[in-house]
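Here is a friendly note for a colleague opening this structure for the first time. Please keep the sequence and the 3D view at hand while reading.

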Amino acid sequence: MTTPSSLTQDELKTLVGQAALQYVVPGDIVGVGTGSTVNKFIDALASIKSTIKGAVSSSVASTERLQALGIPVFDANEVQSLSVYIDGADEIDGNGNMIKGGGAALTREKIVAALAQRFVCIADESKRVEVLGKFPLPVEVIPMATQHIARRFEAMGGVAKVRLKDGKPLVTDNGQHILDVTGLSIQNPLEFESQVNQWPGVVTVGVFAHQKAAVCLLGTAHGVQTLI
Ligand code: 5RP
């Protein structure tokens, strides 16, 4: 598909949101992520809502958007498996490893991704990187462990800051806080995810290597490219 090179980032998100419809299996429940790119997908999904059973959502925000458009939302506990999970990313490398959590929904995103047979990542080309770590890594933490976990990242060369909203620590859909960690260069995403996940107080680290993308639809000046 050829497109003019003057597309805005928002238009690129719309393109990949629409392109993701081809991965939706008729009659199935679809796993739905969170974020501005996923919002484009949800809007596109509404146009074929009569062909699907519904969705499992990864955040309160996506649930509200799905329901407002008349798409039934199922609890994750009601499904055993999903054919596909569609979500955005803050960074994605050439192997489908991602950083996610810019929208603070990483824990539920990882849970829904784990239910799915295939993770389809939708992103504009600004998200494509060689090595993960330039985007501040989101980590959902139990509040009483925040400073202990921050010191562990400091020992790795990172700087961890509590994410704020209206001057107070942001509270996730799960009632926890987010640390954003800068200064990391994540050379081995699989090992890094396993390591950080076992630190006491870490709920979820925003590296998605165990639940990496099987497909990445990247919105570029030349149209939608299938990266992997
Ligand atoms: C939310 C996420 C999002 O997928 C990620 O932040 C990308 O968002 P956007 O599509 O708005 O750029 O991980 O927790």
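The numbered points below go through some places in the structure, one after another.

1. A word on the source before anything else. This is a predicted model, and residues are numbered from 1 along each chain as its sequence is written.

2. Helix α4 is a good place to begin. Seven of the 10 residues of α4 are buried, so the rest of the structure largely encloses this helix. If you would like to find them, the buried residues of α4 are L106, T107, E109, K110, V112, A113 and L115. An α-helix has 3.6 residues a turn, so residues three or four places apart point the same way.

3. E109 deserves a stop of its own. The UniProt record, an unreviewed entry, carries the annotation "active site" for E109. Such annotations may be inferred rather than shown by experiment. E109 belongs to helix α4. Is E109 buried or exposed? With a relative accessible area of 3%, E109 is buried, because buried means under 20%. Which residues does E109 contact, leaving aside neighbours within four places in sequence? They are T34, S58, Y85, D87, K100, G101 and F208.

4. L115 is another residue of helix α4, and is listed among the buried residues of that helix. Not counting residues up to four places away in sequence, L115 touches A76, V79, Q80, S81 and L82. Try a distance here too: L115 and Q211 are 96 residues apart along the chain, and their C-alpha atoms are separated by 9.8 Å.

5. Next, the empty space inside. Rolling a probe the size of a water molecule over the atoms shows where empty space is left. How many cavities of 30 Å³ or more are counted? The count comes to one, and the largest cavity holds about 30 Å³ of space. Its lining is made up of S58, A104, A105, L106, T107, R108, E140, T172, D173 and N174. Helix α4 (residues 106–115) gives the largest share of that lining, with three residues. By type, the lining of the largest cavity has three nonpolar, four polar and three charged residues.

6. Two residues have a backbone angle that you may want to look at. A104, one of the residues lining the largest cavity, has a positive phi of about 70 degrees although it is not a glycine. A104 sits in the loop between β6 (98–99) and α4, and is buried at a relative accessible area of 11%. D166, also a residue other than glycine, has a positive phi near 55 degrees. D166 is in the loop between β10 and β11 (168–169), and is exposed, with a relative accessible area of 73%.

7. Strand β10 (residues 164–165) includes L164. L164 is exposed, at 54% relative accessible area. Beyond residues up to four places away in sequence, L164 touches P169 and L170. The C-alpha atoms of L164 and H177 are 9.0 Å apart, with these positions 13 residues apart along the chain.

8. Now the cysteines. A disulfide is a covalent bond between the sulfur atoms of two cysteines. The structure holds zero disulfides. C121 is in no disulfide, and the nearest cysteine sulfur, that of C216, is 4.3 Å away. Why is there no bond between C216 and C121? The two sulfurs, at 4.3 Å, are too far apart for a bond, because a disulfide needs sulfur atoms within 2.5 Å. C121 is buried at 0% relative accessibility, and C216 is buried with a relative accessible area of 0%.

9. Helix α1 (residues 9–19) also has buried residues: L12, K13, L15, V16, G17 and A19. What covers them? The cover includes α2 (36–46), β7 (119–124), β15 (215–220) and β16 (223–226).

10. One last pair to find. E64 is in helix α3 (residues 60–68), and counts as exposed at 52% relative accessibility. E64 and N95 are 31 residues apart in sequence, and 32 Å apart in space from C-alpha to C-alpha.

Definitions and conventions:
Predicted model: local features only at pLDDT ≥ 70, side-chain atom pairs only at ≥ 80, totals over all residues. Heavy atoms only, no water. 1 Å grid on protein atoms, 1.4 Å probe; cavity = no way out; pocket = protein on both sides within 12 Å on 5 of 7 lines; lining within 4 Å. Points joined across faces, edges and corners; volume = space filled by probe spheres on them. Helix = DSSP H or I, 4+ residues; strand = E, 2+ residues; numbered from the N terminus. Nonpolar A, V, L, I, M, F, W, Y, C, P; charged D, E, K, R; others polar. Buried < 20%, exposed > 50% of the residue type's maximum accessible area, 1.4 Å probe, protein only. Contact = heavy atoms within 4.5 Å.
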